[in-house]
Amino acid sequence: MSAEPGAESRQDRFARGMEMMTRVDGEGGPRVVDALADVSPELAHQIVAWGFGDIYSRPALPPRDRQLVTLGILTALGGCEPQLEVHINTSLNVGLTPEEIVEALLHSAGYCGFPRALNATFVAKKVFGERGLLPVRQE
């Protein structure tokens, strides 16, 4: 059974996704994939192939803009602190500053409430501390 012209194989999508994930996430993304290997390798595959290979790789939004969207969504959802930690690190990797990240989380308070914005901000504080980026200056 041959693929249609232009169709990518499952492995091609995964390889493109791993390249993108590693470029923007550094060590965080591959650690998630490794952590899923013995429980749900298919979920790991879909995160990489679909999430990063098909979606994150699209050219219409640069990675820093995609990360602003991701921070807002994870903050609004609540209960996503482990994912926020990965994505705050990713946000720094793709060029967002700590000030921009804090401002995005502050902005989210008006839409999803103070408790969720506080939880997200404390995750940001943890990441910034680990990366030697405290204190954060704001206007």
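His 87 sits in helix H5 of what is a predicted model, where local features need pLDDT of at least 70, side-chain atom pairs count only at pLDDT 80 or more, and totals for chains, interfaces and linings use all residues. Residues are numbered from 1 along each chain as its sequence is written, and side-chain values use heavy atoms, with hydrogens and water left out.

Is His 87 buried or exposed? Its relative accessibility is 16%, so His 87 counts as buried (buried means under 20% relative accessible area, exposed over 50%, partly exposed in between, with a 1.4 Å probe and protein chains only). Leaving aside residues up to four places away in sequence, His 87 touches Gln 67, Thr 70, Leu 71 and Leu 74; contact here means heavy atoms within 4.5 Å.

**Helix H5 and its surroundings**

The helix that holds His 87, H5, has 13 residues and reaches 18 Å from its first C-alpha to its last, close to the 18 Å expected at 1.5 Å a residue. That expected span is 1.5 Å times one less than the number of residues. Helices, for their part, are DSSP runs (H or I, at least four residues; strands are E, at least two), numbered from the N terminus. Alongside His 87, the buried residues of H5 include Leu 84, Ile 88, Thr 90, Ser 91 and Leu 92. The buried residues of H5 pack against H1, H3, H4, helix H6 (98–112) and H7. Just after H5, Gly 95 takes a positive phi of about 110 degrees.

**Two helices packed on H7**

Here are the two packings side by side. Axes are lines fitted to C-alpha atoms, for helices over the stretch in contact, and angles run from 0 to 180 degrees between N-to-C directions.

| Pair | Angle | Axis separation |
|---|---|---|
| H5 (residues 81–93) and H7 (residues 114–130) | about 50 degrees | 9 Å |
| H4 (residues 63–77) and H7 | about 125 degrees | 8 Å |

With its angle of about 50 degrees, H5 is oblique to H7. Angles under 35 degrees count as roughly parallel, over 145 as roughly antiparallel, 65 to 115 as roughly perpendicular and the rest as oblique. H5 passes H7 in a right-handed crossing, meaning that the near helix is turned clockwise from the far one by less than a right angle (anticlockwise would be left-handed). On the H5 side, the contact is made by Glu 81, Leu 84, Glu 85, Ile 88, Asn 89 and Leu 92; among the H7 partners are Ala 120, Val 123, Val 127 and Phe 128. The residues of this contact divide into 8 nonpolar, 2 polar and 4 charged. In this sorting, Ala, Val, Leu, Ile, Met, Phe, Trp, Tyr, Cys and Pro count as nonpolar, Asp, Glu, Lys and Arg as charged, and the others, Gly among them, as polar.

The angle of about 125 degrees makes H4 oblique to H7. The crossing of H4 and H7 is right-handed. Thr 75, Ala 76 and Leu 77 of H4 meet Arg 116, Ala 117 and Ala 120 of H7, a set with 4 nonpolar, 1 polar and 1 charged residue.

**After H7**

Leu 134 lies in the segment after H7 and is partly exposed, with a relative accessible area of 43%. Not counting residues up to four places away in sequence, Leu 134 touches Lys 125, Phe 128 and Gly 129. The peptide bond from Leu 134 to Pro 135 is cis, with omega near -5 degrees.
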